[in-house]
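The following paragraphs offer a guided reading of one protein model. Please keep the sequence and the structure in view while reading.

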Amino acid sequence: VFMSKSHISKIFNEEMGMSVSVYINKVRVKKSKRLLCDASMTIAEIANLTGFEDQSYFYRLFKLIKGVSPSQIRE
C-alpha cells in the first residue's frame, strides 16, 4: 500500500481508538471466549489455538479484557 508501518498504525489508532496490538488481542480473546463453550478442549489448547504461546499471559490478558478468568467463563 506504499505506506510505512508507523503511518498505518497511526491511521488505525485514529480510526479505531486503539493500537493494532490491542485490537488483535481483543479479537483473539473474543474467539477464545467462544471456544470455551466447547468442553472437549482444555483452556491451554484454546490459548494455543488463538495464538497465545504463554498460558499465564493468556489468563492475565483474558481477565484484563473480559473482567473474569477463562475458568469462570467456562463455568
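In this predicted model, helix H2, which covers residues 20–35, contributes 4 residues to a nonpolar patch, the most of any contributor. The patch lies on the surface, has an area of about 380 Å², and consists of Met16, Val20, Tyr23, Ile24 and Val27. A general property of helices is useful here: an α-helix has 3.6 residues a turn, so residues three or four places apart point the same way.

Methionine 16, one of the patch residues, belongs to helix H1, residues 5–16. Is methionine 16 buried or partly exposed? Its relative accessibility is 39%, and because a value between 20% and 50% falls in the intermediate class, methionine 16 counts as partly exposed.

Helix H1 itself may now be considered. It contains 12 residues, and the distance from its first C-alpha to its last is 16 Å, close to the 16 Å expected at 1.5 Å a residue. After H1 comes glycine 17, which has a positive phi near 75°.

H1 also contains a pair of charged residues. In general, side chains of opposite charge can pair when their charged atoms come close. The structure holds 1 salt bridge, in which the side chains of lysine 10 and glutamate 14 meet at 3.4 Å, N to O. Why are these two residues about one helical turn apart? Lysine 10 and glutamate 14 are separated by about one turn because they stand 4 residues apart in helix H1. Glutamate 14 is exposed, since its relative accessible area is 56%, which is over the 50% limit.

Attention now turns to the aromatic rings. A search of the whole structure identifies 5 aromatic pairs. In one of them, phenylalanine 52 and phenylalanine 58 are tilted, with 5.1 Å between centres and 55° between planes. Both phenylalanine 52 and phenylalanine 58 are buried. Ring pairs also join Phe52, Tyr57, Phe58, Tyr59 and Phe62 into a cluster. In addition, the charged end of arginine 28 sits over the ring of phenylalanine 52, at 3.9 Å from the ring centre.

Finally, serine 71 is located in helix H5, residues 70–74. Its relative accessibility is 28%, so serine 71 counts as partly exposed. Serine 71 and tyrosine 23 lie 48 residues apart along the chain, and their C-alpha atoms are separated by 23 Å. Tyrosine 23 has already appeared as a member of the nonpolar surface patch.

Methods: Residues are numbered from 1 along each chain as its sequence is written. This is a predicted model: local features need pLDDT of at least 70, side-chain atom pairs count only at pLDDT 80 or more; totals for chains, interfaces and linings use all residues. Side-chain values use heavy atoms; hydrogens and water are left out. Rings of Phe, Tyr and Trp (its six-membered ring) pair if their centres lie within 6.5 Å; planes under 30 degrees apart count as stacked, over 60 as edge-to-face and the rest as tilted. Buried means under 20% relative accessible area, exposed over 50%, partly exposed in between (1.4 Å probe, protein chains only). A charge sits over a ring if NZ of Lys or CZ of Arg is within 6 Å of the ring centre and within 35 degrees of the ring normal. Patches are made of residues with over 30% relative accessible area and no salt bridge: like charges are joined within 9 Å, nonpolar side chains (Val, Leu, Ile, Met, Phe, Trp, Tyr) within 5 Å. Accessible areas come from the Shrake-Rupley method with a 1.4 Å probe; for residues, only the protein chains shown count as cover. A salt bridge is a side-chain nitrogen of Lys or Arg within 4 Å of a carboxyl oxygen of Asp or Glu. The expected span of a helix is 1.5 Å times one less than its number of residues.
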